[in-house]
Structure formats: C-alpha cells, structure tokens
Amino acid sequence: MIPGILARYITRRFTASVLVILAGMSLLVFLIDFIEFLRRFSDKAEFSAGMGFYMALLRAPNLSETVLPFAFLFGAMVGLLGLSRRLELVVVRASGVSVWRFLAGPFAVAIGFGLLSTFVINPFAVAWKDRADQIEASLTGADAPRDQNGIWFRQDSVDGPSVIYARRMGEDGLSLLGPTAFVFDQQGRFREKAVANTATFSSGRWVFRNATVITAERPPQAVEAYIVPTNLTRSQLRQTLQSPQALSIWSLPGYIEAAGRTGLNTDRYRLELNTLLGRPVFLAAMVAIAATVSLRLFRQGGIGRLVVTGVGSGFLLYVVTEIVSDLGENGVVDPALAAWLPSVVALTFGATALLHLEDG
C-alpha cells in the first residue's frame, strides 16, 4: 500500500513539473510567433492584432509538439531534483523501493502523453496549422519572402521546362499558395517569370490567377490568368509535393500506400509516420536521461555538473535524431530505422545507467 501511495505521489509531482515546463515553453513560442506576425504584417491594411493572435493560436499546438521532448527532459529533471533536494527519494530508496518502481509512473506518463500527442493532438495541430498557413498566404500572396521554407519543383512541357516555387501546397494537393514560375524555352533559355497569389492545377497545366508577368523585354504586366503547361499528373503532384509534416498520423498510411502503387519515393512519408509512432519512446528516453542525472544525493555535490550533463545529453539526442532523420529522408538509411534507432539507443543507455545506479 505504501509503495503505491509513493508511486502516485512521485507521478503527480513529475506530471505537474512537466506540465508547468510545457506550458511555459508553449507560451514563449506562442508569444514569439505572435510578435513575428505583428512585425511582418503590421503594414497590411487587412491585418489586425486580433488576426495575428488568432494565427499564433492556431499554430501553437504544432509548435508545442516541437518543444514537447525538451519539456519532458526539463520537467523530469526539475521534478526529480526537487524530490532529491528534499531527501524524499532518499527515504524512498532507503525503505527498499526499487528505482524502477518509483520511476514506473513517470515512464507511464511519458508513454501515455506520447500516444495522446500522436493520435489525438497531432491531427488537430496539423489541421489548425494548415488554416493558419492559408490565412498567412492570403496576407503575403506574391509578396511572400523567398527565404522561408517552401517547395521547389521542376517540370517539363511541350513549350519547354519551368521551375516553380510556392510558399506551400494547398490542402487539396492541387493548388499552390504564393507561387512563382520561372519559364524557359525549349533550348533552356530564360523566357519570363510569373508571380501570383494562387495557382491551381487543371488538365495538364497550372493556372496562375491575377498574375504579374515579368520579362527582360517589357515592364511587368498584370494578367488575369497565366498558363504554365506541365507533364505532371494529379497523383504525382499529390504524392511528391505535399509535405509530410502537413499530413496527420491518420492520413500518412494512405499517402504511403498510394505513392507505393505509383512507384514514387515514400521515404519522407515513412520517416514522418515512424517518427510520430516512435514519439512515446522518444519521450521515455528523455525521462531516462533526466533520471540518470537527478537521483544523486545533494550532499555528495556535483549537482550542477550533472544538470549540465543531462541538458547536454538531451540536446545531443535531439541533434543526432535530426541528423539520422535527414539520412532516412534521403534514403541513405531505412526510414523506420532512422526514426526508431536514436530513441531506442538512448533509452537503452539510460536504462543501463539506472541499473548501475540501482546496484551501486
């Protein structure tokens, strides 16, 4: 009975620490995002502070998913160090309770929150971010900064090749927001550039609405519709241009299956799917890293060095995960292996360190 009460108490303290850290980090990224919207669109007549607040609010769940691993790392360290400082963990371990028993609750919280984030929060976060991106595209249109993340692709046609950039692909997979087309003749010489707010795909061609056409021979000319022929099909557009991050956990399996049937590369989508599925293990690995540096007795000293070690280890795990993910996305490493390996290795090392700590 007593170990059960202790487990619930430690779990409650751990969960409170994680939630406070997550709320603080989410609020910080929300404010940064909100201020950035005010800076970028304050000169737009149709923009208001309320619209910026609404856009930042829509993007907040997606940004919170990014900081979630660090919230668990810092929250676990704060919670467990607090218990160690008050000698509560000393009493627990002196009473004969195994480290695995009183850490079972924090690990269960990490896995449970990872499952909740993957299967419940992620679909809403993707849909709300898509809505915010649509509002942003309506504000930026042709004036969208070119240094932002977007999509580039090359296409051929009977009239010659063209290169298209767009801020993002529309929700239907057949429209572009903030597109720019660089059109060449059949000999590969630059012919003209077209910029528009939106472009839609229709029967082997892109239709740029309310476009501005720029050439070297004449001043910029506004046209109601500008046609860019393409040899791409609807299926190719949907599967090759849609960002994996723009798809929810429930949409990814269908995209992977459809792309596989057409012989297209599915590495990016498989990587994203396995990354989402592996999120509970990744959060558990963060808890294991935090536990290895948080159970030392304060009277033994060296707490500051251990905290720095824990933070550095967490960031190192994040960096290694990003590097391996890039390898998986480009087909160098199997996407499933790239998504799962760093978390599993980190969790294994954390468990080994806890075993050593438990055995003295």
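These are my notebook entries on a predicted model of one protein chain.

**Entry 1: overall counts**

I began with the secondary structure. The protein has ten helices and nine strands. I then looked up burial and found that 45% of its 360 residues count as buried. For the surface I noted an exposed area of about 17700 Å², of which carbon and sulfur atoms supply 62%. For contacts I took the pairs with a separation of 6 or more; residues 24 or more positions apart account for 64% of these in the protein.

**Entry 2: aromatic pairs**

I went through the rings next. The count comes to 16 aromatic pairs. I picked phenylalanine 74 and phenylalanine 315 for a closer look. Their ring centres are 6.4 Å apart and their planes stand at 45°. Planes under 30 degrees apart would count as stacked and planes over 60 as edge-to-face, so this pair is tilted. The centre distance falls within the 6.5 Å cut-off for a pair.

Where do the two rings sit in the chain? I found phenylalanine 74 in helix 2 (residues 49-85) and phenylalanine 315 in helix 9 (residues 303-329). The pair therefore ties together parts that are 241 residues apart in sequence.

I also checked accessibility. Phenylalanine 74 has 23% relative accessibility and counts as partly exposed. Phenylalanine 315, at 38%, is partly exposed. Both residues belong to a cluster that ring pairs build from Phe70, Phe74, Phe315 and Tyr318.

**Entry 3: a nonpolar patch**

I turned to the surface. Ile111, Leu115, Leu116, Phe119, Val120, Phe124, Trp128, Trp250 and Leu277 form a nonpolar patch there. Together these residues have about 840 Å² of accessible area. Which element supplies the largest share of the patch? Helix 4 (residues 99-140) does, with seven residues.

I looked up valine 120 as one member of the patch. Valine 120 lies in helix 4. Its relative accessible area is 40%, and I recorded valine 120 as partly exposed. A patch residue needs over 30% relative accessible area, so valine 120 at 40% passes that cut-off.

**Entry 4: salt bridges**

The count comes to ten salt bridges. I wrote down three of them in detail.

The first note concerns glutamate 136 and arginine 40, whose side chains meet in a salt bridge at 2.8 Å, N to O. Glutamate 136 lies in helix 4 and arginine 40 in helix 1 (residues 2-41), so the pair ties together parts that are 96 residues apart in sequence. Are these partners buried or exposed? Glutamate 136 is buried, with a relative accessible area of 4%. Arginine 40 is buried at 18%, and the reason is that buried means under 20%.

My next note is on glutamate 192 and arginine 218, with a salt bridge at 3.9 Å, N to O. The pair links distant parts of the chain, 26 residues apart. Glutamate 192 is in strand 6 (residues 190-195), while arginine 218 is in the loop between strand 8 (205-214) and strand 9 (221-229). Glutamate 192 is buried, with a relative accessible area of 12%, whereas arginine 218 is partly exposed at 40%.

I then took aspartate 267 and arginine 270. The closest N and O atoms of this salt bridge are 3.8 Å apart. Both residues lie in helix 7 (residues 267-277), three residues apart, about one turn of the helix. Aspartate 267 is buried, at 14% relative accessible area, and arginine 270 is partly exposed, at 26%. I also noted that salt bridges with shared partners join Asp33, Arg59, Lys129 and Asp133 into one network.

**Entry 5: glutamine 155**

I ended with a single residue. Glutamine 155 is in strand 1 (residues 151-155). With a relative accessible area of 1%, glutamine 155 is buried.

What does its side chain meet in a polar contact? I found the side chain of tryptophan 206, at 3.1 Å. I then listed the contacts of glutamine 155, leaving aside its neighbours within four places in sequence. They are Pro161, Ser162, Ile164, Trp206, Val228, Pro229, Thr230, Asn231 and Leu232. Tryptophan 206 thus appears in my notes both as a contact and as a polar partner of glutamine 155.

Methods: Residues numbered from 1 in each chain as written. Predicted model: local features only at pLDDT ≥ 70, side-chain atom pairs only at ≥ 80, totals over all residues. Heavy atoms only, no water. Phe/Tyr/Trp six-rings, centres within 6.5 Å; stacked < 30°, edge-to-face > 60°. Helix = DSSP H or I, 4+ residues; strand = E, 2+ residues; numbered from the N terminus. Buried < 20%, exposed > 50% of the residue type's maximum accessible area, 1.4 Å probe, protein only. Contact = heavy atoms within 4.5 Å. Areas by Shrake-Rupley, 256 points an atom, 1.4 Å probe, with all protein chains shown as cover. Patch = residues over 30% accessible without salt bridge, like charges linked within 9 Å, V, L, I, M, F, W, Y side chains within 5 Å. Salt bridge = Lys/Arg side-chain N within 4 Å of Asp/Glu carboxyl O. Polar contact = N/O pair within 3.5 Å; in protein donor to acceptor, adjacent residues only side chain to side chain.
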